[in-house]
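Please look at the sequence and the 3D structure shown here, and then follow the report below, which moves from strands to helices and finally to aromatic rings.

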Amino acid sequence: LNPWWFYYQPVSYKLHGRHGTRDELRSMINTCRKLGVRVYADAVVNHMSGNGNDVFPSHRNGGGNYCTTWGAKNSTAYSPYYTQGFMYYNITETGLRPGMEYPSATYTQDDFHCERPLNAWNDPFDLNYGWLTGLADLNTESDYVQERIASYFTDLLSIGFSGFRMDAAKHISPKDISAIFKKFKTHLGGGELPDDFITYLEVLIGGEKQLLMCQEGDYNYAVSFAQLLSDAGLSQTDIGKIKIWESAYPKEFPICGSWVIPSERFVAENDCADDQNPGSSSRDMQDKGSVLIKEKNVPKHRGFEVELFTRTDGDWQIKLVLSSYSFMNNGAQGIPDGFSDCSKCVGAQCNSCTKSVPFSQAHNPNVCGYTCEDASGNWLQGVYTRVHRDMAIINAMRQWMSLPEETDPTALGLPSQCTDVTKTQTSHPEAGYFLTPY
């Protein structure tokens with residue numbers, strides 16, 4: 001019920017969703033800012049939600065000897081929308097075939113690319129125009145769509161966000177992204193981007209590295225993209241704040257054999273959300289990294305997180321730690337916030353709800369890091385991992401930031417029992433407690 005990837009099917013730009021209202025979001029950000037913590041959004045602007053989960057009263061899908069029907073979905077947080085898929089009748093009011101309409105983002109059917117599969121990852125046309133896993137691909141060449149995205153970015157900063165991750169950025173051409181940032185900069189007054197502003201683009205690179213990074217061209221996110229940003233009126237300081245997620249870390253970086261743009265413009269990370277998916281091949285880290293909820297090896301994962309902050313072969317200004325949650329043994333991938341619990345599902349369709357995730361309290365000031373294991377080392381399902389509360393990782397961060405090592409957990413707001421376990425455990429290289437320094 002309600003798996004995590006529903007988050008990446010936006011229906012609205014209203015900042016009102018399953019976790020609360022716009023006002024509650026603003027209040028949370030303000031609280032964080034008062035404590036010296038910046039908050040960055042995850043902005044999904046390449047696409048909107050795919051077909052079939054809209055508010056039309058009847059849908060149909062079938063083939064061969066079966067026919068499945070379903071009604072309207074009501075899980076859109078008061079942001080109704082309409083799609084063209086699985087429809088078998090014209091709209092009563094207009095007599096026309098249904099189209100893609102998202103009133104809470106002010107998009108209509110003219111604001112999308114024609115529906116087509118994304119088959120060729122080395123083809124700029126497919127990357128830009130294809131519907132990623134069936135999600136409604138926005139026509140980002142359109143001046144109107146660019147303006148809407150730039151306005152959404154501006155709205156994020158207006159309520160206190162310091163910046164944002166740009167999801168699926170490689171499915172928006174560098175030229176279009178440059179045009180969006182030009183409009184965004186104009187909305188902010190035309191001067192330098194804010195001092196604490198950072199964005200990083202999800203440009204997942206594999207076999208298409210020549211196209212996306214190593215060889216200059218129209219679909220290059222390195223040197224050519226930087227030039228496009230400069231041509232759009234962004235200063236070198238501004239360009240330095242628009243970073244690229246280093247998907248080649250930790251196994252193959254720098255992906256082109258050398259840094260084609262300064263390493264400061266890349267963002268490094270061990271495991272990411274996509275890596276957690278069963279069967280995911282988005283990043284092959286082999287023995288150079290660890291995906292916590294797949295390998296379920298806390299010492300190994302801790303070692304690679306520490307290594308991220310202690311290695312010196314890349315001058316990354318931004319390093320990310322994924323604090324996530326474990327999936328259920330039956331394959332349920334919903335967030336343990338209570339909204340993926342089948343016992344709270346309402347309606348006839350809930351009779352078939354079997355992949356449930358019970359509620360788990362997100363913030364618990366009385367625990368340490370890696371709460372995905374019990375006291376005996378047994379793996380726990382459907383709980384938050386809290387990697388960010390591990391003392392060994394915190395001290396590695398502090399070292400990277402030229403801060404002194406802290407031995408007293410209570411000085412960092414942690415319980416007294418949250419000591420650095422790597423200081424008391426025996427070195428065990430294959431478990432990853434201690435790794436070769438860089």
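Strands β3 and β4 form a hairpin with two residues between them, and in the turn Gly-64 has a positive phi of about 65°. Here strands (E, at least two residues) and helices (H or I, at least four) are DSSP runs, numbered from the N terminus. This is a predicted model, in which local features need pLDDT of at least 70 and side-chain atom pairs count only at pLDDT 80 or more, while totals for chains, interfaces and linings use all residues. Residues are numbered from 1 along each chain as its sequence is written, and side-chain values use heavy atoms, with hydrogens and water left out.

Two strands are said to pair if DSSP finds at least two bridges between them. The table sets out two such pairs.

| Strands | Sense | Bridges | Citation |
|---|---|---|---|
| β3 (residues 59–63) and β4 (residues 66–70) | antiparallel | five bridges | hairpin strands |
| β8 (residues 242–245) and β9 (residues 266–269) | parallel | two bridges | sheet strands |

Within the hairpin, Asn-61 stands opposite Thr-68 in β4, whereas Trp-245 has Val-267 in β9 as its bridge partner.

An open sheet of six strands, paired in parallel, follows the order β1-β6-β7-β8-β9-β10. Because β1 (40–43) and β10 (318–320) stand at the edges with a single partner strand each, one side of each is left without a neighbour in the sheet. Neighbouring strands of this sheet are turned against each other by 25° on average, direction ignored.

Helix α3 lies across β1 and β6 (163–166) and runs at about 140° to β6; such angles run from 0 to 180 degrees between N-to-C directions, and axes are lines fitted to C-alpha atoms, for helices over the stretch in contact. The axes of α3 (residues 143–158) and α4 (residues 174–187) come within 8 Å and cross at roughly 50°. That makes α3 oblique to α4, since angles under 35 degrees count as roughly parallel, over 145 as roughly antiparallel, 65 to 115 as roughly perpendicular and the rest as oblique. The contact (heavy atoms within 4.5 Å) involves residues including Phe-153 and Leu-157 of α3 and Ile-180 and Phe-184 of α4.

Rings of Phe, Tyr and Trp (its six-membered ring) pair if their centres lie within 6.5 Å, and planes under 30 degrees apart count as stacked, over 60 as edge-to-face and the rest as tilted. By this rule there are 30 aromatic pairs. Tyr-13 and Tyr-107 form an edge-to-face pair, 5.7 Å centre to centre with 85° between the planes.
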